[in-house]
Amino acid sequence: MSTLSDQELMVAGLFTGAVLIVTLVVSLLYYVITALGLGRMFQKAGEPAWKAWIPVYNLYILFKCCWNAKMFWIWLAVDACGMIINGLNSDHLILTLIAAILGIAAIVIMALNCGRVARAYGRGTGTAVGLFFLPLIFDCILGFGKSVYTAPAEE
C-alpha cells in the first residue's frame, strides 16, 4: 500500500479548495440571477421583490400567485416525507418504494406548478417545460421580458 507524500497531499488539498470555491461562486451566482428574475416576476404579480430572496418562502409566494398556497404545503409535506424516508437508509423494499413514490409525486406537483406559472404569465407549454428544467433562464425571461401577469383562474 502506498501513501501520499506531503506534496501530493498539498496539491490534493489545493485542488479540493479550488473546486469548493468554484462551486460556491457558481451556486451564489445561480441564486442571485434566479432571485432577480423571481423578484421581477413577483413585482408583476403585485408582490414585493424582496420575497424572491428568501429560500422556500419564494416558492410559497410562487405557488400562491400562480396556483394556491395549499398546494405549496402539500408539495412541501410530500417532498419532506419522501426525503425523510429516503434518509432512513433502510433495506426495506416497501420504504424505498414509498420514498420513490413520494419523490415522483413531488416532481409532478412542481411540474404542474410550472405549468400554472407559465399560464399565469400568458405563456404556454414550452415555457412550462423551460421553467421546470431551466428555471434560471426562464424566471428571467418571465421577469424581465414582456410577459404580463394575469391572476390564475379559480377552480
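Trainee: What is the relative accessible area of alanine 111 in this model?
Mentor: This is a predicted model, in which local features need pLDDT of at least 70, side-chain atom pairs count only at pLDDT 80 or more, and totals for chains, interfaces and linings use all residues. Residues are numbered from 1 along each chain as its sequence is written, and side-chain values use heavy atoms, with hydrogens and water left out. Alanine 111 counts as partly exposed, the class between buried (under 20% relative accessible area) and exposed (over 50%), with a 1.4 Å probe and protein chains only, because its relative accessible area is 34%.

Trainee: How far apart are the C-alpha atoms of alanine 111 and leucine 131?
Mentor: Alanine 111 has its place in helix 4, where a helix is a DSSP run (H or I, at least four residues) numbered from the N terminus. Leucine 131 is 20 residues away from alanine 111 along the chain, and their C-alpha atoms are separated by 8.6 Å.

Trainee: Which helix gives the largest share of the largest nonpolar core?
Mentor: A nonpolar core is a set of buried Ala, Val, Leu, Ile, Met, Phe, Trp, Tyr and Cys residues joined through side-chain atoms within 4.5 Å. The largest one here has 29 residues, and Phe63, Val117 and Tyr121 have the most contacts inside it. At least two residues of this core come from each of helix 1, helix 2, helix 3 (69–87), helix 4, helix 5 and helix 6, while the largest share, 7 residues, belongs to helix 4.

Trainee: Leaving aside neighbours within four places in sequence, which residues is phenylalanine 63 in contact with?
Mentor: Phenylalanine 63 is among the residues with the most contacts inside the largest nonpolar core. With contact taken as heavy atoms within 4.5 Å, and with those neighbours left out, its partners are Asn68, Met71, Phe72, Trp75, Ile109, Met110 and Asn113.

Trainee: Which residues of helix 6 are buried?
Mentor: The cover over the buried residues of helix 6 includes helix 1, helix 4 and helix 5. The residues buried in helix 6 are Phe138, Asp139, Cys140, Leu142 and Gly143.

Trainee: How many disulfides does the structure hold?
Mentor: Cysteine 65 is buried, because its relative accessibility is 7%, whereas cysteine 81, at 40%, counts as partly exposed. The closest cysteine sulfur to that of cysteine 65 is in cysteine 66, and it lies 5.8 Å away, too far for a bond. With a disulfide taken as a pair of cysteine sulfur atoms within 2.5 Å, the number of disulfides in the structure is 0.
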